[in-house]
Amino acid sequence: MALIGRRTVLAGAAVGLAGGAMAQTAKPKSPLAISIVDVGGALALTQKAFEAYRKAKPEMVSRFVFTKAPAPELPGKLKAQQDAKRLDIDMVLGGTDIMSSGIAQGIWTELFPAHAASLPNLKDILLEPAWQMQQLTKGQGCVVVYYPSGPLLEYAPDRVPTPPTTAAGLLDWVKAHPNRFMYARPANSGPGRTFIMGLPYLLGDSNPKDPQKGWDKTWAFLQEMDHGIEYYPTGTAAVMKELGDGSRDMIVSTTGWDINPRVLGIVPKEVKVQALQGFHWVVDAQYMYVPKGVSDERMAVLLDLMSFMLQKPQQAVAYDEGYFYPGPAVKDVPLSMAPEESQKAIAEYGRPEYAQWIDSAPKEIPLDPDAIVYAFRRWDEQIGSRKTK
């Protein structure tokens, strides 16, 4: 997901422990400048909390240097820096896409169990789906924000008066309305990847967790749908822009990508969402990763920083303006704890049906790293190769 607009301010910054026993953090010889690269949009939810850490602990961090990069490109860059022993990135914020490629290339530092004594007991503090998402990291990342995600359909009601309610109905609609439907390349889009991972449940495929041998119906569906799609953008922000300017009538979306672009005025407030019959949520999360090669001094600061980011006041900031709705990965962080701007935005642009859907629909964990790498590669080769731009 891409950063697409202004962000909220931090409601407050407690400096207490996030939960569980943690080792005493040694102070660096002098405050450090910490470089953080965001590849999944989590900076939109967390930057104010990072800055709160700098203000609370000036002896640890002098400043943060925030940059953004495309998820498919960063692992190669990190690997080259590590091979040359010239690492200049301290932390990466990203989702399951960069997790998978990073694990495959061996670029992440093991956090659990290697540094478990310096971090909160995640099993105790995380929401159950967020804890399940944590298991995907193989100990090489730490979840920081979570949401049930999608897949959902988002549509302009004036142009789609009767939206499809089933997967078969969606395919029929796309074929009957060529070039009016869109989703982005799954390897670099949260809605795109929840869509392809959610289809096996909607279509009754033999094994939704095995894109190589268990997705026969899904791959056939995506290839048939491809005939009605003009092109696939490389990121979700472009999809939202095209829905907003009327170039497309219906798109794939998620809770956050529905709410936040409407808050920001990129998409009209009056657009609607539709959950297809029998859908399962494919949940999503963003993580903090530390590349291999970070010095011991920097590692101590990063561990303390990660613990801080999992405290409830910092987690409440993740409500943001609905970008990753709800957002907090930690238990017992209600909207009432969020900044006033967040509460107002969600009151105006949130949807009452979300609470019911979140409560009633099954929640599925995304594919494991090896399977998601395969799914992305196959989609790129068989679906998006001639139409991605």
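Q: Which residue in S9 does Val92 stand opposite?
A: When two strands lie side by side, a good way in is to find which residues face each other across the pair. In this predicted model, Val92 stands opposite Tyr289 in S9. That pairing belongs to strand S3 (residues 91-94), which runs antiparallel to S9 and is joined to it by 3 bridges.

Q: In what sense do strand S4 and S9 pair, parallel or antiparallel?
A: Follow each chain from its N terminus and compare the directions. Strand S4 (residues 142-150) pairs with S9 in the antiparallel sense, over 6 bridges. For a landmark, look at Val143, whose bridge partner in S9 is Tyr287.

Q: And in what sense do S9 and strand S11 pair?
A: Here the sense is parallel: S9 and S11 (residues 363-364) share 2 bridges. You can locate the spot through Val282, which has Glu364 in S11 as its bridge partner.

Q: How many residues of strand S9 are buried?
A: For a strand, look at the two faces separately, and then at the total. S9 (residues 281-289) is mostly covered, with 9 of its 9 residues buried. One side carries Trp281, Val283, Ala285, Tyr287 and Tyr289, and the other carries Val282, Asp284, Gln286 and Met288; both faces are covered.

Q: Turning to helices, at what angle do H6 and H8 pack?
A: Two values help here, the angle between the axes and the distance between them. Helix H6 (residues 167-176) and helix H8 (residues 216-226) pack at about 25°, with their axes 9 Å apart. Angles under 35 degrees count as roughly parallel, so H6 and H8 are roughly parallel to each other. On the H6 side, the contact is made by Ala167, Leu170, Leu171, Val174 and Lys175, while H8 brings Phe221, Glu224 and Met225. By class, the residues of this contact are 6 nonpolar, no polar and 2 charged.

Q: Are H3 and H15 roughly parallel or roughly perpendicular to each other?
A: Start from the angle again. H3 and helix H15 (residues 369-384) pack at about 105°, and their axes are 9 Å apart. H3 and H15 are therefore roughly perpendicular to each other. From H3, the residues in contact are Thr96, Asp97, Met99, Ser100, Ser101 and Ile103; from H15, they are Pro369, Ile372, Val373 and Phe376. This contact of H3 with H15 divides into 6 nonpolar, 3 polar and 1 charged.

Q: How does H2 pass H3, and which residues meet?
A: For a crossing, handedness goes alongside the angle. Helix H2 (residues 74-83) and helix H3 (residues 96-105) pack at about 35°, with axes 9 Å apart, and H2 passes H3 in a right-handed crossing. Leu74, Pro75, Gly76 and Lys79 of H2 meet Ile98, Ser101 and Gln105 of H3. The contact of H2 with H3 has 3 nonpolar, 3 polar and 1 charged residues.

Q: Why is H3 described as largely enclosed by the rest of the structure?
A: Count the buried residues, then ask what covers them. H3 is largely enclosed because 8 of its 10 residues are buried. These are Thr96, Asp97, Ile98, Met99, Ser100, Ser101, Gly102 and Ile103. Their cover includes H2, S3, helix H5 (128-135), helix H7 (190-203), S9 and H15.

Q: What phi does Gly106 take, just after H3?
A: The end of a helix is a good place to check the backbone. Just after H3, Gly106 takes a positive phi of about 70°.

Note on methods: Residues are numbered from 1 along each chain as its sequence is written. This is a predicted model: local features need pLDDT of at least 70, side-chain atom pairs count only at pLDDT 80 or more; totals for chains, interfaces and linings use all residues. Side-chain values use heavy atoms; hydrogens and water are left out. Axes are lines fitted to C-alpha atoms, for helices over the stretch in contact, and angles run from 0 to 180 degrees between N-to-C directions. Helices (H or I, at least four residues) and strands (E, at least two) are DSSP runs, numbered from the N terminus. A crossing is left-handed if the near helix is turned anticlockwise from the far one by less than a right angle, and right-handed if clockwise. Contact means heavy atoms within 4.5 Å. Ala, Val, Leu, Ile, Met, Phe, Trp, Tyr, Cys and Pro count as nonpolar, Asp, Glu, Lys and Arg as charged, and the others, Gly among them, as polar. Buried means under 20% relative accessible area, exposed over 50%, partly exposed in between (1.4 Å probe, protein chains only). Two strands pair if DSSP finds at least two bridges between them. Angles under 35 degrees count as roughly parallel, over 145 as roughly antiparallel, 65 to 115 as roughly perpendicular and the rest as oblique.
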